Amino acid sequence: MKRFILWIILNSIFLAIFNTFFFLLGGSEHNVTVWISYGFIHFAYFMLVITPFITRKSKRTAVLGLSIYSISVGYFIVQLVIGVILILIAPEDYKATLLIQLTIAGLYGIILVLTLIANEHTADAEKIRQYEIAYVKDASAKLKSVLDNIKEKDIKKKVEKVYDAIYSSPVKSHPSLAQLENNILNSIDELKDALLEKNNDKTTSLSETLLSAINERNQRLKNLN
């Protein structure tokens, strides 16, 4: 809560200074063109403030957020400079001022939305990539822990074949393989339980089943590419 209050205070500093200068130096009587620029400057600052909250959260948030934030910073600076110039000039005809401000805001909106769309694609691709890496990583880690606890050489050799097969598997995946990959992970848990029970027959059977399932998964993935 304290951080939120400090954030509000920080974001209010510019507004306080700008409005103090605006009303002390110019008073409160202005024509339409001045109020148009005044409003657009505040709009640009508002967009600058909310930009961190419209960036999708991910491990690459810093990179994605920087891209969007730089766009908002650029728009605010351009808007502040042009807005102040138009306020000082204060032309009587408001149409030119309105068109200029709308054009700048429109360009900003187009660039911002296109960047948000691109970042959504990047974040989705990252999410898929994380899932793909997780399958091989989790399966390898589970099998490694199983291997470390096997004493019998014959059994260990069979499990090592399964480990080598999963470790060398492509990290790339496909939605259609999700069920098969999940079954493989569950079978590894069953293999671990069989070893704890010292059930060599079940361990051998599960090792062969796992090796077959891993090869099937890799072959299906190969056919999908």
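**A walk through an all-helix chain**

Let's start with helix 5, which covers residues 153-167: its 15 residues reach 20 Å from the first C-alpha to the last, close to the 21 Å expected at 1.5 Å a residue. Keep in mind that you're looking at a predicted model.

Now turn to the side chains of this helix. The buried residues of helix 5 are I155, V159, V162, Y163, A165 and I166. They sit on the same side of helix 5, because they cover an arc of only 165° around its axis. The general geometry helps here: an α-helix has 3.6 residues a turn, so residues three or four places apart point the same way. Over on the other side of helix 5 you'll find K153, D154, K157, K161 and Y167, which are exposed.

Zoom out for a moment. The protein chain has 7 helices and 0 strands, so from the N terminus on its elements simply read α-α-α-α-α-α-α. Of the 225 residues in the chain, 34% are buried. As for contacts between residues at least 6 apart in sequence, 76% of them join residues at least 24 apart.

Moving on from helix 5, we come to the loop between helix 5 and helix 6, where V171 lies. Is V171 buried or exposed? Neither quite fits: its relative accessibility is 30%, so V171 counts as partly exposed. In sequence V171 and K137 are 34 residues apart, yet in space their C-alpha atoms are 8.6 Å apart.

Next comes a helix pair. Helix 6 (residues 178-196) packs with helix 7 (residues 200-224) at an angle of about 160°, and their axes are 10 Å apart. That angle is over 145 degrees, so the two helices count as roughly antiparallel to each other. The crossing of helix 6 past helix 7 is left-handed. If you want to pick out the interface, helix 6 brings L180, E181, I184, S187, I188, E190, L191, A194 and L195. On the helix 7 side, they meet K202, T203, L206, S207, L210, A213, I214, E216, R217 and R220.

One residue from that list ties the tour together. S207 lies in helix 7, and with a relative accessibility of 3% it counts as buried, since the cut-off is under 20%. What does S207 contact, leaving aside its neighbours within four places in sequence? The partners are K158, V159, V162 and L191. Two of these names should ring a bell from helix 5, where V159 and V162 are among the buried residues, while L191 belongs to the helix 6 side of the pair.

Definitions and conventions. Residues are numbered from 1 along each chain as its sequence is written. This is a predicted model: local features need pLDDT of at least 70, side-chain atom pairs count only at pLDDT 80 or more; totals for chains, interfaces and linings use all residues. Side-chain values use heavy atoms; hydrogens and water are left out. Helices (H or I, at least four residues) and strands (E, at least two) are DSSP runs, numbered from the N terminus. The expected span of a helix is 1.5 Å times one less than its number of residues. Buried means under 20% relative accessible area, exposed over 50%, partly exposed in between (1.4 Å probe, protein chains only). The arc is that of the directions from the helix axis to the C-beta atoms. Axes are lines fitted to C-alpha atoms, for helices over the stretch in contact, and angles run from 0 to 180 degrees between N-to-C directions. Angles under 35 degrees count as roughly parallel, over 145 as roughly antiparallel, 65 to 115 as roughly perpendicular and the rest as oblique. A crossing is left-handed if the near helix is turned anticlockwise from the far one by less than a right angle, and right-handed if clockwise. Contact means heavy atoms within 4.5 Å.
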